[in-house]
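User: Hey, I have a fresh model open and would like a hand reading it. Could you walk me through it?

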Amino acid sequence: MYSLRVIAGITTGLIAAVCAYHESGCYAVDMAWKRHVVWQGGRTNTAVGGDFTGDGLPDVVCTTAGVTRLLVAPTWRAIELENNKEHNAIHAEVFDVDDDGDLDYIGAQYQPGNVFWLETPARPLEEKWASRTIDDKIVGVHGLLKGDVDGDGRIDLIANSAQPLGPFPSSAVWLQVPQNPRAGEAWHRHVFADRDAAGLSHYFGFGDVDGDGRPDIALAAKGGNQAESTPDAWFAWWQAPADPKSGGWRKQIIADKLGGATNIQQAEINGDGRTDFFATRGHGRGVVWFEQLPPATDAELPQWKLHEIDAQILEPHSLQVADIDGDGDLDAATCAYGDKLCAWYENDGRGAFTRHVVAENQAAYDLRALDMDRDGDLDLLVAGQMSENVIWFENPRRMVGP
């Protein structure tokens with residue numbers, strides 16, 4: 001029998017070994033997240049989940065080399081929806097575009113820019129999914145996000161024109177669904193970032209930042225040298241005007257010269273009632289959050305304080321902000337393609353975070369938090385870029401922490 005002193009010494013040694021192995025420092029490894037393979041066999045930049053078949057189970061739609069597949073739960077039977085090299089989606093969204101009660105798929109090709117949607121038919125496993133163009137004038141589409149931008153009760157689509165090319169160079173837009181999208185009507189394009197989003201912008205955040213009741217839009221740009229400190233690398237938000245269709249959106253810098261910036265999302269992080277931002281540098285290193293400081297006057301715009309959460313994680317090119325452990329505050333998750341590491345960050349409710357590793361040897365370009373097994377908690381759906389797979393990790397609801 002080992003004495004308590006010996007056991008304590010062994011435990012201390014094991015913890016020290018783990019901390020020495022991971023350069024970013026000591027962290028908890030939650031081995032209880034179960035790995036489920038949905039699909040494998042090719043570089044996959046984006047995967048979205050939702051009940052496309054109407055049976056109550058979340059299915060998955062992903063695109064690899066221009067082939068868009070429906071992966072039907074629970075066996076993940078693959079059904080080819082479209083084979084189109086001009087629809088090689090780098091990012092995707094899902095919502096009911098045509099108001100017929102089922103989910104539709106929205107995808108975006110990077111270059112040449114092409115945003116499209118696939119209509120879910122009445123018999124999605126048997127009938128062809130009609131494909132229609134949303135916008136083909138924005139170039140370098142590297143982000144899609146849904147949200148009701150103008151407050152009319154209908155979902156809109158936010159997208160970027162990240163390349164300095166085409167009629168909307170280094171810009172970002174929101175796209176309004178037409179009255180009859182099935183007829184191929186043009187979506188109404190509203191430019192909110194008008195040539196002031198240089199540096200190859202990436203992914204969006206959506207929500208009220210300044211407390212005026214209107215949702216604002218956040219965006220990040222990696223900059224010319226990616227991980228280097230360059231003037232065209234930034235995190236920013238665009239302040240919504242009273243009329244979002246007016247074009248009077250105002251860019252507000254959160255932080256600049258942070259090379260590698262890719263992901264940013266609005267979140268109330270520390271319980272003070274003010275909107276903060278959670279962000280990653282997916283073309284560099286680091287996971288951070290920006291605290292909104294109390295304004296000196298009612299008319300003053302928000303100011304921001306940077307908090308480093310994980311300074312070492314390499315290329316965390318995905319982000320989801322959600323209550324992962326079910327304790328009522330917002331946590332976050334990422335999957336880094338540089339470190340091939342999937343992790344979630346536990347919030348103590350006051351803005352102090354603990355990193356927990358979900359899985360190693362798994363890369364991602366895209367990550368979604370949703371309840372894949374319908375057990376009431378949020379799981380993680382990963383589109384494995386260099387891992388060439390689609391995986392979901394089952395939330396064990398047995399979190400590591402105090």
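Analyst: Happy to; we can go through sheets, rings, pockets and cavities in turn. One thing up front: this is a predicted model.

User: Good to know. Let's start with the sheet that holds strand 3: in what order do its strands run, and how do they pair?

Analyst: That one is an open sheet of four strands in the order 3-4-5-6, paired antiparallel. Strand 3 and strand 6 (77–83) are the edge strands with a single partner each, so one side of each has no neighbour in the sheet. From one strand to the next, the twist averages 20°.

User: How many bridges hold strand 3 and strand 4 together?

Analyst: Five bridges, in the antiparallel sense. Valine 48 sits opposite valine 61 in strand 4, and alanine 47 has cysteine 62 in strand 4 as its bridge partner.

User: And what joins strand 4 to strand 5?

Analyst: Again five bridges, with strand 5 (residues 67–72) running antiparallel to strand 4. Threonine 64 has valine 67 in strand 5 as its bridge partner. The two strands form a hairpin with two residues between them, and alanine 65 in that turn has a positive phi of about 55°.

User: Nice. Is strand 4 buried or exposed?

Analyst: Buried: six of the six residues of strand 4 are in that class, so the strand is largely enclosed by the rest of the structure. Asp59, Val61 and Thr63 are buried on one side, and Val60, Cys62 and Thr64 are buried on the other, which leaves both faces covered.

User: Why would strand 3 count as largely enclosed?

Analyst: Because five of the five residues of strand 3 are buried. Thr46, Val48 and Gly50 cover one side, Ala47 and Gly49 the other, and these are all buried. The missing neighbour at the edge concerns pairing: strand 3 has a single partner strand in the sheet.

User: Got it. Switching to rings: how many aromatic pairs are there?

Analyst: Ten aromatic pairs. Take phenylalanine 52 and tryptophan 129: their rings are 6.0 Å apart centre to centre with 45° between the planes, a tilted pair. This pair links distant parts of the chain, with the two positions 77 residues apart in numbering. Phenylalanine 52 is in the loop between strand 3 (46–50) and strand 4 (59–64), while tryptophan 129 is in the loop between strand 9 (114–119) and strand 10 (130–135).

User: Why do those two count as buried?

Analyst: The cut-off for buried is under 20% relative accessible area. Phenylalanine 52 counts as buried because its relative accessibility is 3%, and tryptophan 129 counts as buried because its value is 2%.

User: Which residues make up the aromatic cluster?

Analyst: Phe192, Phe204, Trp234, Trp238 and Trp249 form one cluster. There is also a charge to look at there: lysine 251 lies over the face of tryptophan 234, at 4.1 Å from the ring centre.

User: What sheet does strand 18 belong to?

Analyst: An open, antiparallel sheet of four strands, in the order 15-16-17-18. Strand 15 and strand 18 (250–256) are at the edges with a single partner strand each, so one side of each is left without a neighbour in the sheet. Ignoring direction, neighbouring strands here are turned by 20° against each other on average. Six bridges join strand 18 to strand 17 (residues 234–239), running antiparallel, and glutamine 239 stands opposite arginine 250.

User: Now for the empty space. How much is in the largest pocket, and what lines it?

Analyst: About 590 Å³ of space. The lining has 30 residues, and Glu93, Leu145, Gln265, Gln320 and Arg368 lie nearest the centre.

User: Which strand gives the largest share of that lining?

Analyst: Strand 27, with five residues. Strands that each supply at least two residues include strand 3, strand 7 (89–95), strand 15 (201–207) and strand 27 (366–370). Strand 3 and strand 15 take us back to the sheets: each is an edge strand, strand 3 in one and strand 15 in the other.

User: And what about closed cavities: how many are there of 30 Å³ or more?

Analyst: One. The largest cavity holds about 30 Å³ of space, and its lining is Phe235, Leu258, Arg281, Val288, Leu306 and Glu308.

Conventions:
Residues numbered from 1 in each chain as written. Predicted model: local features only at pLDDT ≥ 70, side-chain atom pairs only at ≥ 80, totals over all residues. Heavy atoms only, no water. Phe/Tyr/Trp six-rings, centres within 6.5 Å; stacked < 30°, edge-to-face > 60°. Buried < 20%, exposed > 50% of the residue type's maximum accessible area, 1.4 Å probe, protein only. Lys NZ or Arg CZ within 6 Å of the ring centre and 35° of its normal. Pairing = 2+ DSSP bridges. Axes fitted to C-alpha atoms, helices over the stretch in contact; angles between N-to-C directions. 1 Å grid on protein atoms, 1.4 Å probe; cavity = no way out; pocket = protein on both sides within 12 Å on 5 of 7 lines; lining within 4 Å. Points joined across faces, edges and corners; volume = space filled by probe spheres on them.
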